[in-house]
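Me: I would like to go through this model slowly, asking at each step how a label is justified. Could we set each value beside the rule that gives it its name?

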Amino acid sequence: MTSWASVEGLPLPLGATWAADEGAYNFAIYARHAEQVTLLLYGDDLRTPVLTYRCDPGRNKSGHVWHCRIPATAAPGARYYAYSIDGPRSAPHQFDPDKILFDPYARAIFFPPEFDREAARRPGSNAGRAPVGLLVAGPLDCNFDWGDDRHPRHEADTVVYELHVGAFTAHPSSGVKEERRGTYAGLIEKIPYLVELGVTVVELMPVFQFDPSDGNYWGYMPLGFFAPHDRWARARETCEQHAEFRSLVQALHAAGIEVVLDVVYNHTGEGDHRGPVYSFKGIDNDGYYMMSDRADAPYEDFTGTGNTLNSANPYVRRMILDSLRYWAREMR
Amino acid sequence: MRGDPGMIGAMMQRLYGSSDLFPDDVVNAYHAYQSVNYVTSHDGFTLWDLLTYETKRNTANGHDNSDGPADISWNSGFEGEDGAPPDVIALRKRQAKNLLCLLFLANGTPMLRAGDEFLQTQGGNNNPYNQDNETSWLDWNRLESHADVFRFARLMIAFRKAHPSLCRSRFWREDVRWHGTGPAVDLSDDSRSLAFSLSGASQGDDDLYVMVNAYSEPLPFTIPDGAASEWLRIVDTGCLSPDDFRESPHAVPLTSARYVVGPRSVVVLQRPRRG
């Protein structure tokens, strides 16, 4: 007899995960007010999905979570995934099935060569020009070999060193090989310097994926709370990108250096009502964000960044905690 | 270190680990390490720019120079780097060492902004959040041109790590004694001097004596504790490198309990533990 899960998918864990025993992906996304959730799987052509799956709320929804199970054989060549979501069009909602939405739980986000921030700000389709999630047909840890990695724990000898992965080695004077400048791998080359200086904790300015075109190089406008920023990796595939980040953490640990992340959970890079619709806005606008009662400024903006994540929503709180646990456990 | 009036109490509080913000009373029981000490972070001037600019130069960010914080900076007597007289450059370097020295002497968790150890500059831009260019990128050439400051930072970090008496789980409590140029601390508005002794015995560590002169003239300090010859002079930021930090085999015992601390300088003495 076929299992319920293999027919309907499971609402947990959220995100796209791999059910190895079935050779299938499980997709689960919170979208409380949505009336139609359509999963889109893509190969290299990001305008034409290789598979379009319209979730049936009668069997692909549990509580506020939409979910489905897609065998890999049903979507040959699939490398990327995204959603198209419809629902009430009036405020405070912002449903627009024309917009291609990435999964807030995506572990790697791909910005295609035709990526266009403006297309996500205008009415109409942004297919082929939207950031999308990458699929991984494998476990969360990508079978990364952590070896005998251990977290150093410093006490009286704690000296924190705050750095930006890009700015630290981007300059030619860094002495880092050109193809590694401004990357996770470039920072690895500087570990002997950190040891010579004597610092024992490295605090990385935000490494969560942000929009490479929004001009905020520091990274304080995050989009992907589960995705390391791709421009600081050389690879474009999820596991290879993650391996570059994990190798950095592993090498710092091996040198006796703790790693601390500067994390940003109070707002996202979607900005205010003039900003792009990439994900959260089109999934559950007033669920993810704190809304005001001012028509000309619908988003509460407590930090001058355009919007404010609504952590009073238990699903947003869950996302924040899931993200923290993910970085601490899977990325160490 | 800018020499502002009425700052001695505030400096004591920050060196102590900020028990005003993290009270270690019975109800709260905060640890000193929960307080993060820093002179600079990514928000605001770099350490060098803090000593070089009084006016931010953020026009490249595209907001008519309206963005970025209002830093509590001092240009050391000349605005900017181009054409700065040698004595201004020397003062800036000494001030950089003073700030690094106090950062790594204070109880609590120290945080250093990358590049400050070799005087990274952003040309006065104190908010280059959108400058993916040489404004933000660390210029590693400065590691060579400011090797003296790098050496000082490296040795201060090593000194801190060698003296767990400085960085404690708890506040310094009864192990610290506050002084001025004489035995008594001077908290008056026009005071520019502070000294303290930190007993290391409870931590199995050496005793330390620190003298801070934030005044523009030299000040004679008197060490009220023990015989002068027991104390080794480790740091004197009034001296040029490498005399600014003498590693222990080269540290020289004091010959007098009176020590003249140069203008805007910090001195650290060490008395080896007995037995």
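**From labels to reasons**

Reply: Let us begin with A:Leu321, which has its place in helix α7 of chain A, spanning residues 314-329. Please keep in mind that this is a predicted model.

Me: Why is A:Leu321 called partly exposed?

Reply: The relative accessible area of A:Leu321 is 41%, and the name partly exposed covers what lies between buried, under 20%, and exposed, over 50%. Because 41% falls between these two cut-offs, A:Leu321 is partly exposed.

Me: Which residues form a nonpolar patch on the surface with A:Leu321?

Reply: A:Val263 and A:Leu324 form the patch with A:Leu321, and together the three have about 210 Å² of accessible area. A patch takes in residues with over 30% relative accessible area, and the 41% of A:Leu321 satisfies that condition.

Me: What makes β1 and β5 of chain A edge strands?

Reply: The open sheet in chain A has four strands in the order β1-β2-β6-β5, with antiparallel pairing. Strands β1 (15-19) and β5 (61-62) each pair on one side only, and they are the edge strands.

Me: How do you know that β5 and β6 of chain A pair?

Reply: Pairing requires at least two bridges between the strands, and β5 and β6 (residues 65-71) of chain A are joined over two bridges in the antiparallel sense, so the requirement is met. In β6, A:Val65 is the bridge partner of A:Ser62.

Me: Turning to chain B, why is it described as being as compact as a globular protein of its length?

Reply: Chain B contains five helices and 10 strands. Its radius of gyration is 19 Å, close to the 19 Å that the globule rule gives for 275 residues, so chain B is as compact as a globular protein of that length. Buried residues make up 54% of the 275 residues in chain B, and the C-alpha atoms fill a box of roughly 60 × 50 × 35 Å along the principal axes.

Me: What makes B:Val267 buried rather than exposed?

Reply: B:Val267, which lies in strand β10 (residues 265-271) of chain B, has a relative accessible area of 0%. Because buried means under 20%, the value of 0% places B:Val267 among the buried residues.

Me: Which residues is B:Val267 in contact with, leaving aside its neighbours within four places in sequence?

Reply: Among them are B:Tyr209, B:Met211, B:Arg233, B:Asp236 and B:Val261.

Terms used: Residues numbered from 1 in each chain as written. Chains lettered and ligands numbered in written order. Predicted model: local features only at pLDDT ≥ 70, side-chain atom pairs only at ≥ 80, totals over all residues. Heavy atoms only, no water. Patch = residues over 30% accessible without salt bridge, like charges linked within 9 Å, V, L, I, M, F, W, Y side chains within 5 Å. Areas by Shrake-Rupley, 256 points an atom, 1.4 Å probe, with all protein chains shown as cover. Salt bridge = Lys/Arg side-chain N within 4 Å of Asp/Glu carboxyl O. Buried < 20%, exposed > 50% of the residue type's maximum accessible area, 1.4 Å probe, protein only. Rg over C-alpha atoms; globule rule 2.2 N^0.38 Å. Contact = heavy atoms within 4.5 Å.
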